[in-house]
Amino acid sequence: MTYETLGWQIDDRVLTLTLNRPEQLNAFTVTMANELIDAFERASADDAVGAVVVTGAGRAFCAGMDLSAEGNVFGLDETLSPSLDELHQRWDDEQIVHRVRDTGGRVSLAMFECQKPLIAAINGAAVGIGATMTLPMDIRLASEAARIGFVFGRIGIVPEACSTWFLPRLVGPQQAFDWVYSGDILTAEQALQGRLLKAVVPAAQLLEEAHRTAHRYIDQRSPVSIALMRQMLLRNPALPHPREAHAIESLAVLHTSRHDGREGVQAFREKRPARFTQQVSSGMPDFFYPWW
């Protein structure tokens, strides 16, 4: 499948998803949102993909929503005013999905559900949705040229893409308030100091470093173990009591210990590389997964 707004390339089990509207600084559109959702669902199900790197074509990562669209630039139906209860009751209704739920949030939820590690390689401007779409990713790397801004207040709207859930968890409430209230454009170094980024690297080395990081995470690792760990780390901190995490971890250890974990222990004893054989497409523990 080819995409109108994305590039898709797999190299040695690392998928590079490239936001590909360089003349528009990769500005976000409804089409891009729908294609990203499809791409993350495909990547999650494809055993040829071990990890995903997301970057932008040209000199920007994503300059925010494309504000040149006619009508409601966010693709929403201004005649609708559902209550919160109605929104939940009609969550999968086509009208609610495509005309009420924000497009960035639908993309973020697709990332949240993904079973592969996600790495942002922020190569330039990442503003608005260009910033918030990176928050559900596991790691954020940036080039020295990156500029990041949560600029929603400047145009009279509010943060989206589930960012009010992710951002305070990543950088703390006080830092999140400051960045969202001010709408400041941050340099890469400021974002690093604020703990949004893992590292800042020279622009020419960004993709190489992103791929190197991906391989640190997936080489000689069980894909099923990685998929379980990702969902456990994303979801378990929000549980009300550590007992709930203990229950999930217990079943996950039980499952992995009698499959790839058995091979891992044997390889350790024999002082050789492990040969993990389970794949996400067929090896997830259906007796408790998905536990949510």
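The second largest pocket of this predicted model is lined by 23 residues, and those nearest its centre are Met 137, Asp 138, Ile 139, Leu 233 and Leu 234. The space inside comes to about 590 Å³. Three elements give two or more residues to this lining: β7, α6 and α10. Helix α10 gives the most, with five residues. By class, the lining of the second largest pocket has 17 nonpolar and six charged residues, with no polar ones.

Now for the largest pocket, which has a volume of about 780 Å³. Its lining counts 32 residues, and the closest to the centre are Asp 102, Val 158, Pro 159, Glu 160 and Ala 161. Helices α4 and α6 (163–171) each put at least two residues into this lining. The biggest giver here is α4, with five residues. The class split for the largest pocket is 20 nonpolar, seven polar and five charged. Helix α6 turns up in the lining of the largest pocket and again in that of the second largest pocket.

What about enclosed space? Searching the whole structure for cavities of 30 Å³ or more turns up one. The largest cavity has a volume of about 90 Å³. Of the 13 residues lining it, Arg 13, Val 49, Gly 50, Lys 116 and Pro 223 are the closest to its centre. The lining of this cavity divides into five nonpolar, four polar and four charged residues.

On to the sheets. One open sheet has six strands in the order β1-β2-β3-β5-β7-β10, and its pairing is mixed. At its edges are β1 (6–11) and β10 (199–201), each of which pairs on one side only. Neighbouring strands in this sheet are turned against each other by 20° on average, ignoring direction. Strand β7 (residues 139–143) and β10 run parallel and are joined by three bridges. Across this pairing, Ser 143 stands opposite Val 201 in β10. Remember that β7 also helps line the second largest pocket.

The other open sheet is built from four strands, ordered β4-β6-β8-β9, again with mixed pairing. Which strands stand at its edges? They are β4 (60–62) and β9 (185–187); each has a single partner strand, so one side of each is left without a neighbour in the sheet. From one strand to the next, the twist averages 20°. Strand β4 finds its partner in β6 (residues 125–127), and the two pair in the parallel sense over two bridges. Here Ala 60 stands opposite Ala 125 in β6.

Finally, the charges. Side chains of opposite charge can pair when their charged atoms come close. The whole structure holds nine salt bridges, and the table gives some of them.

| Salt bridge | N to O distance |
|---|---|
| Glu 113 and Arg 235 | 3.1 Å |
| Arg 212 and Glu 208 | 2.9 Å |
| Arg 272 and Glu 270 | 2.6 Å |

How far apart along the chain are Glu 113 and Arg 235? They are 122 residues apart, and the pair links distant parts of the chain: Glu 113 belongs to helix α4 (residues 103–113), while Arg 235 belongs to helix α10 (residues 223–235). The two ends also sit in different classes of accessibility: Glu 113 is partly exposed at 38% relative accessibility, whereas Arg 235 is buried, at 14% relative accessible area. This bridge joins two helices already met above, since α4 gives the most residues to the lining of the largest pocket and α10 gives the most to that of the second largest.

The Arg 212 and Glu 208 pair stays within one helix. Both residues lie in α9 (residues 206–218), and because they are four residues apart, about one helical turn separates them. Arg 212 is partly exposed, with 40% relative accessible area, and Glu 208 is partly exposed too, with 48%.

In the bridge with Arg 272, Glu 270 counts as partly exposed, at 43% relative accessibility. Beyond these pairs, Glu 86, Arg 90 and Asp 93 are linked in a network of salt bridges.

Note on methods. Residues are numbered from 1 along each chain as its sequence is written. This is a predicted model: local features need pLDDT of at least 70, side-chain atom pairs count only at pLDDT 80 or more; totals for chains, interfaces and linings use all residues. Side-chain values use heavy atoms; hydrogens and water are left out. On a 1 Å grid over the protein atoms alone, a cavity is a set of points where a 1.4 Å probe fits but cannot get out, and a pocket is an open set with protein on both sides within 12 Å along at least five of seven lines; lining residues have an atom within 4 Å of a point. Grid points are joined across faces, edges and corners, and a volume is the space filled by probe spheres set on the points. Ala, Val, Leu, Ile, Met, Phe, Trp, Tyr, Cys and Pro count as nonpolar, Asp, Glu, Lys and Arg as charged, and the others, Gly among them, as polar. Two strands pair if DSSP finds at least two bridges between them. Axes are lines fitted to C-alpha atoms, for helices over the stretch in contact, and angles run from 0 to 180 degrees between N-to-C directions. A salt bridge is a side-chain nitrogen of Lys or Arg within 4 Å of a carboxyl oxygen of Asp or Glu. Buried means under 20% relative accessible area, exposed over 50%, partly exposed in between (1.4 Å probe, protein chains only).
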